[in-house]
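Hi everyone, thanks for coming along. I have one structure to walk you through today, so let's bring it up on the screen.

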Amino acid sequence: MTQRVAILGATGSIGDSTLALLEPNQTLPPSFEVYALSGHSRLDKLLSLCQQFRPSRVAVPEAAVSEFASRLSQCGLDIEVVGGQAGLISIVQDSAVDTVVAAIVGSAGLPSTLAAAQAGKRILLANKEALVMAGSIMMKAVKDNGATLLPIDSEHNAIFQCLPAAIQQDNTQIHQSSYGVKKLWLTASGGPFLRQSYEEMSQASVAQAVNHPNWSMGQKISIDSATMMNKGLELIEAAHLFDLPESQIEVVMHPQSIIHSMVEYSDGSYLAQLGSPDMKTPIAHALAYPERMQAPVKPLDLFDLAALEFLRPDLDKFACLRLARSAIRAGMVATISLNAANEIAVQAFIDEQVKLTDIALINERTMDKMGELSFEAPQQIEEIIEVDQRARQVALAEVAALRS
């Protein structure tokens with residue numbers, strides 16, 4: 001049976017890795033069809049992908065619909081073009097779609113990911129923000145509508161693979177003592193500044209911040225990795241994915257990025273998932289789950305491995321990780337505020353308005369000020385967006401204050 005796949009965020013790094021697995025020349029079972037793609041800013045690349053994969057539908061920004069449809073027509077392609085969030089939602093709700101790869105970066109990916117859950121789809125989740133901003137709402141939508149949520153972040157996918165099948169199928173089973181899950185361990189590379197001082201990190205350029213030693217990622221995620229905000233978001237995401245409090249989720253620095261994460265069991269066992277640092281591995285696992293598929297990934301040569309290091313994170317230098325723990329303890333308003341502030345702060349750093357180390361400062365000040373306001377825990381997506389927008393205003397004011 002053919003699995004029809006919609007890839008939201010097809011022009012990003014996750015899209016690249018997913019499409020590399022679905023190329024017609026791959027020696028895979030003929031069970032996948034690229035049914036829909038979406039892109040936002042790199043529309044030339046999206047056009048090339050449409051020529052290569054010939055999807056039935058494609059989503060672009062609302063303002064670009066007419067021009068993109070014309071370009072497709074000039075290429076002799078008969079592909080339906082839809083626009084904006086409404087277009088993304090119409091794709092994930094399409095009865096022809098079986099699997100949605102949720103790879104839109106940032107809060108922009110939340111509405112379509114939630115709509116996919118409400119439509120009962122099989123979701124390959126790369127968009128951390130969907131759970132950071134709306135974790136309880138997302139997980140309830142998945143369960144209420146019979147959706148399947150499979151993580152494709154390398155760390156969460158590693159944990160998923162190391163858990164018993166019963167917990168994979170129902171995360172509440174993690175509390176059954178017979179399964180013996182004691183802790184989850186998220187590994188973190190430490191990014192480009194692991195061995196540099198706070199002062200050196202404070203002087204970092206954008207080019208230095210995005211120069212990740214192990215992974216090839218987009219600009220925003222690379223900067224989040226440099227500040228460890230990425231790991232903070234993953235901590236929040238893991239708490240929702242696996243139904244555990246943050247106190248049972250540890251973060252350990254592992255510079256080699258060979259062990260992607262671990263599960264600690266009550267009998268003293270640690271189960272770890274190892275592999276080359278290549279996103280095609282977790283994506284292939286989720287695409288084929290519960291089976292396995294071939295993936296064009298460089299095999300891990302155990303004989304070539306140097307010593308594997310494990311270090312305690314420096315929460316003074318990487319304050320964003322500390323803030324993430326505070327946020328998840330405080331509740332949804334705090335996690336929404338942290339994510340919103342971080343998106344504003346990262347963009348300000350990219351625009352050379354603030355220093356890399358100012359990102360944590362902006363995040364913390366925004367969380368503190370949002371905590372003083374009388375927001376109730378959001379129950380609907382409209383309420384989430386209201387908190388998000390208010391936090392962005394606060395964060396923008398903090399950016400302005402640092403620049404003055």
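Before we look at strands, one convention: two strands pair if DSSP finds at least two bridges between them. Keep in mind too that this is a predicted model.

With that convention in hand, let's go to the sheet. Strand β1, residues 3-8, and strand β2, residues 32-38, pair in the parallel sense over 5 bridges. If you want one position to click on, take Arg4, whose bridge partner in β2 is Glu33.

Now zoom out. In what order do the strands of the open sheet run? Its 7 strands follow the order β4-β3-β2-β1-β5-β6-β7, and the pairing is parallel. At the edges sit β4, residues 80-83, and β7, residues 148-151, each of which pairs on one side only. Ignoring direction, neighbouring strands of this sheet are turned by 25 degrees against each other on average.

On to a pair of helices. Please find α11, residues 219-227, and α15, residues 332-350: their axes come within 11 Å and cross at roughly 100 degrees. That falls in the window from 65 to 115 degrees, and α11 and α15 are therefore roughly perpendicular to each other. Who meets whom there? From α11 we have Gln219, Lys220, Ile223 and Asp224, and they meet Asn342, Glu343, Val346, Phe349 and Ile350 in α15. Sorted by class, this contact of α11 with α15 has 4 nonpolar, 2 polar and 3 charged residues.

Next, the charged pairs. How many salt bridges does the structure hold? The count is 23, and I picked three to show you.

The first on my list is Arg71 with Asp44, whose side chains meet at 2.6 Å, N to O. This pair links distant parts of the chain, with Arg71 in helix α3 (residues 65-74) and Asp44 in helix α2 (residues 43-53), 27 residues apart. Arg71 is partly exposed at a relative accessible area of 23%, while Asp44 is exposed at 52%.

Then there is Glu155 with Lys231, a salt bridge of 2.8 Å, N to O. Here again distant parts of the chain are linked: Glu155 belongs to helix α7 (residues 154-161) and Lys231 to helix α12 (residues 229-241), 76 residues apart. Are these two residues buried or exposed? With the cut-off for buried at under 20%, Glu155 is buried at a relative accessible area of 10%, and Lys231 is buried at 6%. There is a wider setting as well: Lys128, Asp153, Glu155, Lys231 and Glu234 are linked in a network of salt bridges.

My last pair is Glu250 with Lys183, joined by a salt bridge of 2.9 Å, N to O. Glu250 lies in strand β9 (residues 249-253) and Lys183 in strand β8 (residues 181-188), so the pair ties together parts that are 67 residues apart in sequence. Glu250 counts as partly exposed at 23% relative accessibility, and Lys183 is partly exposed, with a relative accessible area of 24%.

One more stop before coffee: Ala295. Where does Ala295 sit? You'll find Ala295 in the loop between α13 (280-288) and α14 (319-330). Ala295 is partly exposed, with a relative accessible area of 27%. Leaving aside residues up to four places away in sequence, Ala295 touches Leu21, Lys280 and Ala284. From Ala295 to Pro282 there are 13 residues in sequence and 9.9 Å in space, C-alpha to C-alpha.

That's my tour, and I'm happy to take questions.

Methods: Residues numbered from 1 in each chain as written. Predicted model: local features only at pLDDT ≥ 70, side-chain atom pairs only at ≥ 80, totals over all residues. Heavy atoms only, no water. Axes fitted to C-alpha atoms, helices over the stretch in contact; angles between N-to-C directions. Helix = DSSP H or I, 4+ residues; strand = E, 2+ residues; numbered from the N terminus. Parallel < 35°, antiparallel > 145°, perpendicular 65-115°, else oblique. Contact = heavy atoms within 4.5 Å. Nonpolar A, V, L, I, M, F, W, Y, C, P; charged D, E, K, R; others polar. Salt bridge = Lys/Arg side-chain N within 4 Å of Asp/Glu carboxyl O. Buried < 20%, exposed > 50% of the residue type's maximum accessible area, 1.4 Å probe, protein only.
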